[in-house]
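Take a walk through this structure, one element at a time. Keep the sequence and the 3D view open side by side.

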Amino acid sequence: MAALVGRRTLLQACRVHFIDSHCASKLGSSYFASRRYVGSAKSVFPPVRFGASARQYSSEAKDDLIVRYLDGEDYGIVVIGINRPKAKNAISKNLVKMMSEAVGDIKKNNKVRSVILCSLVPGIFCAGADLKERAKMHQSEVGPFVSKARALITELGNLPMPTIAALDGAALGGGLEMALACDIRVASNSAKMGLVETKLAIIPGAGGTQRLPRLIGVSHAKELMYTARVVDGIEACRLSLVSHSVEQNKNGDAAYLRALELAREINPQGPIAVRMAKLAISQGIEVDLATGLAIEEACYAQVIPTKDRLEGLAAFKEKRHPQYKGE
């Protein structure tokens, strides 16, 4: 009986996710048009090329985060660029606020097919928490701030579309935790990564103790955290911490360009199917196989009535490329 109730709950959860997605699609076109910023994907690096076409979330440090909605053939790809060069992209109160706003906007936008999280500062992805700001916090402020950062990273991980972290430089502490929340990580060979909190007599507080062992195995994760070890992109790829390790180029954006290639591979696929695949994998991996198969069945049921599925069959029969609309 309990198993039956659990299965019904899973089916309902999947159905609600699907309905929310379609509700968003009713305002998706106008929403996306009002918030997309025209420009080619190549304009991401260096940061000055963003110009006025990128959205800068209102704050005192308005340039800390720049969000780019790509257009043309890359329509549907969103690039989130962290831009705090003086602080090595360290995670501050302001950055958490701005990223939370950006992630919230993206989550509601049914036209977004993939998200790339990257740095606009050469040689650095994110150095972790802003320790200068942290040092000025009262002890009572630290817990709530860490909770907000954890909530942000959880929301990043819960985005319904694929997310790709492009690590063209150091990703340490909370910076690596952000990357761990993404579906796919790409790093340059020279990028440095590590959960180094034990050096400061603390532990990862934004999901690192949970996501890293799920990704690379318990023993490897414990070793890296106990020793506060930092690894490069090559070693990270060997450990399966990243999916791809690429030779850095003279512009310092090799990982971003590889991430963009992956996003372009995802773009033409059925967007509802991709979202349902992510949901099935993300939820299914946390439960036993029988429950996981029930989740898969529930997610599969959501793609059957879609226009995209019929378009896929028609395109196959007519020997042409399908034109999916997310319907």
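At what angle do helix 10 and helix 11 pack, and how far apart are their axes? In this predicted model, helix 10 (residues 271-284) packs against helix 11 (residues 289-303) at about 165°. Their axes lie 9 Å apart. That angle makes helix 10 roughly antiparallel to helix 11, because angles over 145 degrees count as such. The crossing of helix 10 past helix 11 is right-handed.

Now look at the residues that make this contact. Helix 10 contributes Ile272, Ala273, Met276, Leu279, Ala280, Gln283 and Gly284. From helix 11 come Gly292, Ile295, Glu296, Cys299, Gln302 and Val303. Sorted by class, the contact of helix 10 with helix 11 has eight nonpolar, four polar and one charged residues.

Turn next to strand 6. This strand spans residues 163-167 and is mostly covered. Five of its five residues are buried. In a regular strand, side chains alternate between the two faces of the sheet. Strand 6 can be read that way: Thr163, Ala165 and Leu167 point one way, while Ile164 and Ala166 point the other way. Residues of both sets are buried.

Which strands does strand 6 pair with? One partner is strand 4 (residues 114-119), joined to strand 6 by three bridges. Another is strand 8 (residues 184-188), joined to strand 6 by four bridges. Strand 4 runs parallel to strand 6, and strand 8 also runs parallel to strand 6. Ala165 is a handy landmark here. Leu117 stands opposite Ala165, and in strand 8 the bridge partner of Ala165 is Arg185.

A further sheet deserves a look. Four strands form this open sheet in the order 5-7-9-10, with mixed pairing. Strand 5 (124-126) and strand 10 (231-232) stand at the edges. Each has a single partner strand, so one side of each is left without a neighbour in the sheet. Within the sheet, strand 7 (residues 170-172) and strand 9 (residues 192-194) pair in the parallel sense over two bridges. Leu172 has Gly194 of strand 9 as its bridge partner.

Finally, step back to the whole chain. The secondary structure comes to twelve helices and eleven strands. Of the 327 residues, 48% count as buried. Consider the contacts between residues at least 6 apart in sequence: 69% of them join residues at least 24 apart.

Methods
Residues are numbered from 1 along each chain as its sequence is written. This is a predicted model: local features need pLDDT of at least 70, side-chain atom pairs count only at pLDDT 80 or more; totals for chains, interfaces and linings use all residues. Side-chain values use heavy atoms; hydrogens and water are left out. Axes are lines fitted to C-alpha atoms, for helices over the stretch in contact, and angles run from 0 to 180 degrees between N-to-C directions. Angles under 35 degrees count as roughly parallel, over 145 as roughly antiparallel, 65 to 115 as roughly perpendicular and the rest as oblique. A crossing is left-handed if the near helix is turned anticlockwise from the far one by less than a right angle, and right-handed if clockwise. Contact means heavy atoms within 4.5 Å. Ala, Val, Leu, Ile, Met, Phe, Trp, Tyr, Cys and Pro count as nonpolar, Asp, Glu, Lys and Arg as charged, and the others, Gly among them, as polar. Buried means under 20% relative accessible area, exposed over 50%, partly exposed in between (1.4 Å probe, protein chains only). Two strands pair if DSSP finds at least two bridges between them.
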